[in-house]
Amino acid sequence: MSEKRKMDRCQEIERSIIKKFRKEIWSQFTKAINTYQLIEEGDKIAVCISGGKDSMLLAKLFQELSRHGIHNFEVVYLVMNPGYNDENYENIIRNAQLMQIPITVFDSQIFNITDRIEGSPCYPCARMRRGALYSKAKELGCNKIALGHHYDDVIETILMGMMYGGQIQTMMPKLHSTNFEGMELIRPLYLVREEDIIHWMNYNELKFIRCACRLTEKLEKEGNLKNDSSTSKRAETKALIKKLREKSSYIEANIFKSVENIHLNAIICYKDKNGERHHFLDEYDSSLGDGDE
């Protein structure tokens, strides 16, 4: 592809975000930033790029925001190579060049470590990858990392917590790091639907990597990817939501809103921010006359 064609393609991709997908993607991106106060004056944000559709779109959105937005902030486009195979690594580099994203790449040995873990390595892998991103971002002078989790990740997490974890909790739009002082995690795609990201990707004829860990590659070769418990639970939850959506178009929005409309006087037990448990029986007798549903 000639340099001129690359430039034209990049401009087409940028134009699609601001024009064709303005309502579905750009407006929801900026709405999340404003609603949850994700960016402040003077921030230096590491946009973490895994090479998948979500993080690549996030990087492009931040580019547009830094060009046309009102915030005074800096951005670093951070790519960690935890041990990708050559094909996946080259895909990331090629897409970054096509989309003119000035990435900063650093290597880690996380896949080599997780290869030695018995059972599913997904949880420790995710923790190690996040820790490595925090560490590198802090080294580069950043105070925030931005991840590409979207609306569908949020509602799936809520349902998975109820069905498989026996708890009510959500994926928060931002979090202070407990292990890296002064660092914060933000999720600017919090209100963007996955189907709209896929539509944007297909419209621009872009091809991104999926989960590129060695376990996924191994399971795909063996034809056992659907049987992997770490991926099947989320896939099952996604399928359940899709089925419920066929019966009611309000299902997804109601799942999302459910963690914004919690009534503590109608909860058996909850934990406060310090981890202390509060049971309804603790003050039950002192609330006589407050019942009658």
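Trainee: In this predicted model, which residue in strand 2 is the bridge partner of lysine 44?

Mentor: The bridge partner of lysine 44 is glutamate 74, which belongs to strand 2.

Trainee: What makes strand 1 and strand 2 count as a pair?

Mentor: Two strands count as paired if there are at least two bridges between them, and strand 1 (residues 44-49) and strand 2 share 6 bridges in the parallel sense, so the pairing is established by that cut-off. Between these two strands the chain passes through helix 3, and this β-α-β crossover is right-handed.

Trainee: How do you know that strand 2 also pairs with strand 3?

Mentor: Strand 2 and strand 3 (residues 103-107) are linked in the parallel sense over 5 bridges, which against the cut-off of at least two bridges makes them a pair. As one example, leucine 78 has threonine 104 in strand 3 as its bridge partner. Together with helix 4 (residues 86-98), strand 2 and strand 3 form a right-handed β-α-β unit.

Trainee: What makes strand 2 mostly covered?

Mentor: Strand 2, running over residues 74-81, has 8 residues, and 6 of them are buried.

Trainee: Why is aspartate 54 called buried?

Mentor: The relative accessible area of aspartate 54 is 15%, and buried means under 20%, so aspartate 54 meets the condition. Aspartate 54 sits in helix 3 (residues 53-68), and, leaving aside its neighbours within four places in sequence, it is in contact with Gly148, His150, Leu189 and Ile197. Its C-alpha atom is separated by 8.6 Å from that of leucine 147, although the two residues are 93 apart along the chain.

Trainee: Why do the side chains of aspartate 54 and lysine 53 count as a salt bridge?

Mentor: The N to O distance between the side chains of aspartate 54 and lysine 53 is 3.3 Å, and the cut-off for a salt bridge is 4 Å, so the pair qualifies. Both aspartate 54 and lysine 53 are buried.

Trainee: How many salt bridges does the structure hold?

Mentor: The structure holds 17 salt bridges. One of them joins the side chains of glutamate 64 and arginine 67 at 2.8 Å, N to O, and these two residues lie 3 residues apart in helix 3, about one turn of the helix.

Trainee: Why is glutamate 64 called buried, and why is arginine 67 called partly exposed?

Mentor: Glutamate 64 has a relative accessible area of 3%, which is under 20% and therefore buried; arginine 67, at 44%, falls between 20% and 50% and is therefore partly exposed.

Trainee: What makes glutamate 252 and arginine 245 a salt bridge, and how do you know whether each is buried or partly exposed?

Mentor: The side chains of glutamate 252 and arginine 245 meet at 3.3 Å, N to O, which is within 4 Å and therefore a salt bridge. Glutamate 252, at 6% relative accessibility, counts as buried, whereas arginine 245, at 35%, counts as partly exposed. Elsewhere, salt bridges that share partners join Lys53, Asp54, Glu156, Glu194, Arg234 and Lys238 into one network.

Trainee: Why is serine 50 called partly exposed?

Mentor: Serine 50 has a relative accessibility of 32%, and partly exposed covers the range between 20% and 50%, so the label applies. Serine 50 is found in the loop between strand 1 and helix 3, and, apart from neighbours within four places in sequence, its contacts are Ser55, Tyr84, Ile92, Arg129 and Ile209. Serine 50 and isoleucine 209 are 159 residues apart in sequence and 8.4 Å apart in space, C-alpha to C-alpha.

Conventions. Residues are numbered from 1 along each chain as its sequence is written. This is a predicted model: local features need pLDDT of at least 70, side-chain atom pairs count only at pLDDT 80 or more; totals for chains, interfaces and linings use all residues. Side-chain values use heavy atoms; hydrogens and water are left out. Helices (H or I, at least four residues) and strands (E, at least two) are DSSP runs, numbered from the N terminus. Buried means under 20% relative accessible area, exposed over 50%, partly exposed in between (1.4 Å probe, protein chains only). Contact means heavy atoms within 4.5 Å. A crossover is right-handed if, with the strands pointing away from the viewer, the path from the first strand over the helix to the second runs clockwise.
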